[in-house]
Every structure is written in C-alpha cells, then in structure tokens.
Amino acid sequence: MSPRPVPPNVLLRREEIAERVAELGEEISAAYAGAEPVLIAILKGSAIFLADLARALHIDARFDFMSISSYSSERATGVVRIVKDLEHDVEGRHVVIVEDIVDTGLTLNYLRKTIGARRPRSLATVTLLDKAARRILPVPVEWRGFEIPDAFVLGYGLDHQGLYRNVRDLLAVPDISALVARPDLYVDELFPAAAGGRAGSS
Ligand code: PRP
C-alpha cells in the first residue's frame with residue numbers, strides 16, 4: 001500500500017476569499033459607477049472568480065470570455081494563440097480583464113496589447129492572486145485580491161491537469177513531483193463523497 005500523500009495546505013480559506021472578493025466588488029463598483037463595464041474573463045481559471053466578483057458588484061456589468069493558449073515551445077516568450085475570441089466589440093467600452101492569477105505577467109501583457117488595440121475607452125485588470133515574485137514582465141494590475149508566495153496552488157478556479165478547479169479553498173501543494181506523477185493524488189481526500197461513490201459502484 002502506498003504511503004498517504006502529504007496533504008495540501010490551505011493557503012486561503014473560502015471565507016477569506018469571499019471577504020476579499022466583496023471588497024474588490026465595492027472598489028470596482030465605485031470606480032465604474034454609471035459606466036457599465038465589460039468584464040472579460042480569461043478561461044478557464046477565472047470563471048469562478050468572475051461569478052463571485054460579478055455578484056459582489058453594485059453596478060450592472062456585461063460579461064465576455066476569451067480563451068488563449070501558449071504555444072508550448074514558446075511559452076517563455078509569451079507567444080500565444082486565441083482559442084476563443086470575444087463575442088462583442090469593446091471599442092469605446094470600459095473593459096476590466098478578470099484573471100485568477102498573474103504569474104510571469106506574459107499572458108496579461110499579451111491580453112492588454114490585444115484588447116488595447118481594439119480601442120476600449122479604458123482598460124484595467126483585476127486578479128484574485130498575484131504571484132509577484134515570479135514576474136518576468138512588469139504589467140499594470142489595478143486590483144489584486146492577494147499577493148501569494150511562489151507556491152503551486154490549486155482550487156478556486158486553479159487546476160492541475162484540469163482537476164481541482166472546484167475546490168472551494170485555495171490550496172498550496174507541498175510536493176509537486178508527487179502530484180505530477182499522479183494528477184488525481186488529492187481527489188479522494190478533497191472529495192470523499194466521490195470516493196465512496198466510486199468504491200460502491202465498482
Ligand atoms: C493561468 C492564468 C493566467 C496565466 C497566468 O492560465 O489563468 O491566464 O496562467 O500566467 P502568466 O502570468 O505566467 O502568463 P492557464 O494557462 O493555467 O489556463 P487556465 O486558466 O485554463 O487554467
């Protein structure tokens with residue numbers, strides 16, 4: 001029998017996240033009073049943050065979504081391709097890019113350039129998490145929820161191999177090599193009801 005994995009640490013509890021998201025909602029509402037901004041969520045990680053942030057606003061806002069992917073061999077250069085583009089024209093609109101995390105800054109730098117070229121009335125970014133220690137490109141971030149250390153994080157939208165996005169707290173993984181070797185390492189522990197269901201149905 002393999003030894004039990006070292007469990008991930010809770011870096012941010014769901015209550016702390018909710019409190020900070022509410023504050024961001026207040027600040028962004030005040031900044032865009034009467035302006036009906038377009039919130040552009042960058043899929044997939046920011047979907048959960050968008051849902052909570054949008055409901056923390058006191059103003060109306062439109063949503064749009066963009067999905068981009070890095071060319072793997074060129075990741076460090078920030079060369080990306082648009083997998084899903086915006087549905088609506090943002091020219092003349094107040095735009096807020098909604099990110100779950102800014103890490104190297106390469107993605108946000110690309111997004112600011114490509115969306116900025118569409119002549120929005122204003123362009124700003126809100127990110128839940130800022131891993132500032134990892135920044136390669138300095139890029140403006142108008143609102144940040146939390147600055148976090150350079151740890152591998154999961155939950156509240158952030159994944160590993162597509163798993164763990166719907167974990168409600170933000171977790172820091174102590175042993176990334178164990179998770180790389182077994183991507184579902186923490187699934188049974190974090191979702192015990194699912195483990196019981198699978199055992200029962202085998
Ligand atoms: C994450 C995050 C940002 C980007 C930040 O997306 O949502 O878009 O990485 O990294 P950077 O600052 O180093 O460029 P990811 O590529 O993991 O896609 P996902 O949101 O679909 O998980």
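This text walks through a predicted model, starting with its nonpolar interior, then a helix, then the ligand, and ending with a loop residue.

In soluble globular proteins, nonpolar side chains tend to be buried together. The largest nonpolar core in this model has 31 residues, and among its members Phe49, Val126 and Leu129 touch the most others. Several helices and strands each give two or more residues to this core: α1 (14-31), β2 (38-43), α2 (47-56), β5 (94-102), β6 (122-130), β7 (143-147) and β9 (170-173). The largest share, 5 residues, comes from α2.

Val126 shows how such a core is put together from parts of the chain that lie apart in sequence. Setting aside neighbours within four places in sequence, Val126 is in contact with Leu24, Ile28, Phe49, Leu53, Val96, Ile97, Val98, Glu99 and Trp143. There is also a second, separate core, made of 17 residues, including Val38, Ile68, Leu111 and Val139.

The helix α1 can be checked against a simple rule. It has 18 residues, and at 1.5 Å a residue these should span 26 Å; the C-alpha atoms at its ends are 26 Å apart, so the expected and computed values agree. Which residues of α1 are buried? They are Ile17, Arg20, Val21, Leu24, Gly25, Ile28 and Ser29. The buried residues of this helix pack against β1 (9-12), α2, β6, β7 and β9. Two of them, Leu24 and Ile28, have already appeared in the list of contacts of Val126.

Next comes the ligand. It is surrounded by 14 residues, of which the closest are Glu99, Asp100, Thr104, Gly105 and Thr107. Oxygen atoms of the ligand take part in several short distances to polar atoms of the protein. One such distance, 2.5 Å, runs to an N or O atom in the side chain of Asp100, and another, 2.6 Å, to an N or O atom in the side chain of Thr104. For Lys44, a polar backbone atom is 2.9 Å from an oxygen atom of the ligand. Taken alone, the ligand exposes 500 Å², and the protein buries 78% of that. The elements that give two or more residues to the surrounding shell are β5 and α3 (106-116), and the largest share, 4 residues, comes from β5. Strand β5 also gives two or more residues to the largest core.

Last, consider Ala35, which is found in the loop between α1 and β2. Its relative accessible area is 23%, so Ala35 is partly exposed; buried would require under 20%. Ala35 and Pro174 are 139 residues apart in sequence, and their C-alpha atoms are 43 Å apart in space.

Definitions and conventions:
Residues numbered from 1 in each chain as written. Predicted model: local features only at pLDDT ≥ 70, side-chain atom pairs only at ≥ 80, totals over all residues. Heavy atoms only, no water. Core = buried A, V, L, I, M, F, W, Y, C linked by side-chain atoms within 4.5 Å. Buried < 20%, exposed > 50% of the residue type's maximum accessible area, 1.4 Å probe, protein only. Contact = heavy atoms within 4.5 Å. Expected span 1.5 Å × (residues − 1). Near = heavy atom within 4 Å. Polar contact = N/O pair within 3.5 Å; in protein donor to acceptor, adjacent residues only side chain to side chain. Areas by Shrake-Rupley, 256 points an atom, 1.4 Å probe, with all protein chains shown as cover.
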